[in-house]
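Please open the model in your viewer and keep the selection panel at hand. The tour moves from one selection to the next and says what is to be found at each stop.

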Amino acid sequence: MPNRILRDWTDSETIDALDAGTERFFVRLIMKVDDYGRYSANPKLLKSHLFPLKTDVRETEITRWLAECEKSGIIALYNIANKEYLQIVNFKQQLRQKSEKYLPPPACYADATQMH
């Protein structure tokens, strides 16, 4: 489980522009990513890890929310060895402990995530 102090996103115009479902998805995602802002982008896993008790959330919504987050520039999606991953762009959380749990994006994606 990640161990960090979260920063306040409530005054972000980018986050405010998201619809309520996408924002709820993103907030739950922040709580699950590793110390580098990375996580699996598999919709089935995201559904079970982010919304384990919600029976009204479907994988199709997860897929849509992922696309909206990527379109808004708050996450980057990447693929390594046929597995989908995501990274929160500009994560910059205050880390208490550094430990990578998910693979980093390839160099071409890493450069893009640092530009935002």
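Begin by selecting the three strands of this predicted model, which form an open sheet in the order β2-β4-β3 with antiparallel pairing. The edges of the sheet are taken by β2 and β3, and because each has a single partner strand, one side of each is left without a neighbour in the sheet. If you look at how neighbouring strands lie against each other, you will find them turned by 30° on average, direction ignored.

Next, add the helices that lie against these strands. Helix α2, residues 20-32, packs on the sheet and touches β2, β3 and β4, its direction making about 95° with that of β4. Helix α4, which covers residues 59-72, also packs on the sheet, where it touches β3 and β4, and its direction makes about 115° with that of β3.

Now hide the helices and select β2, residues 38-40, together with β4, residues 83-88, which run antiparallel and are joined by three bridges. Two pairs along this seam can be picked out by residue: Tyr-39 stands opposite Leu-86 in β4, and Ser-40 stands opposite Tyr-85, again in β4.

Move across to the pairing of β4 with β3, residues 75-80, where six bridges join the two antiparallel strands. To place yourself within this pairing, select Ala-76, whose bridge partner in β4 is Gln-87. Then follow the chain to the turn of the β3 and β4 hairpin, which has two residues between the strands, and display the backbone of Ala-81, which takes a positive phi near 50°.

For the last stop, select Gly-37, which lies in the loop between α2 and β2. Is Gly-37 buried or exposed? With a relative accessible area of 0%, Gly-37 is buried, since the cut-off for that class is under 20%. Which residues does Gly-37 touch, once its neighbours within four places in sequence are left aside? The contacts of Gly-37 are then Leu-86, Gln-87, Ile-88 and Phe-91, and showing these four together with the glycine gives a useful view to finish on. A distance label between the C-alpha atoms of Gly-37 and Leu-86 should read 8.1 Å, although the two residues are 49 residues apart along the chain. Leu-86 also leads back to the sheet, as the residue in β4 that Tyr-39 stands opposite.

How values were computed
Residues numbered from 1 in each chain as written. Predicted model: local features only at pLDDT ≥ 70, side-chain atom pairs only at ≥ 80, totals over all residues. Heavy atoms only, no water. Pairing = 2+ DSSP bridges. Helix = DSSP H or I, 4+ residues; strand = E, 2+ residues; numbered from the N terminus. Buried < 20%, exposed > 50% of the residue type's maximum accessible area, 1.4 Å probe, protein only. Contact = heavy atoms within 4.5 Å. Axes fitted to C-alpha atoms, helices over the stretch in contact; angles between N-to-C directions.
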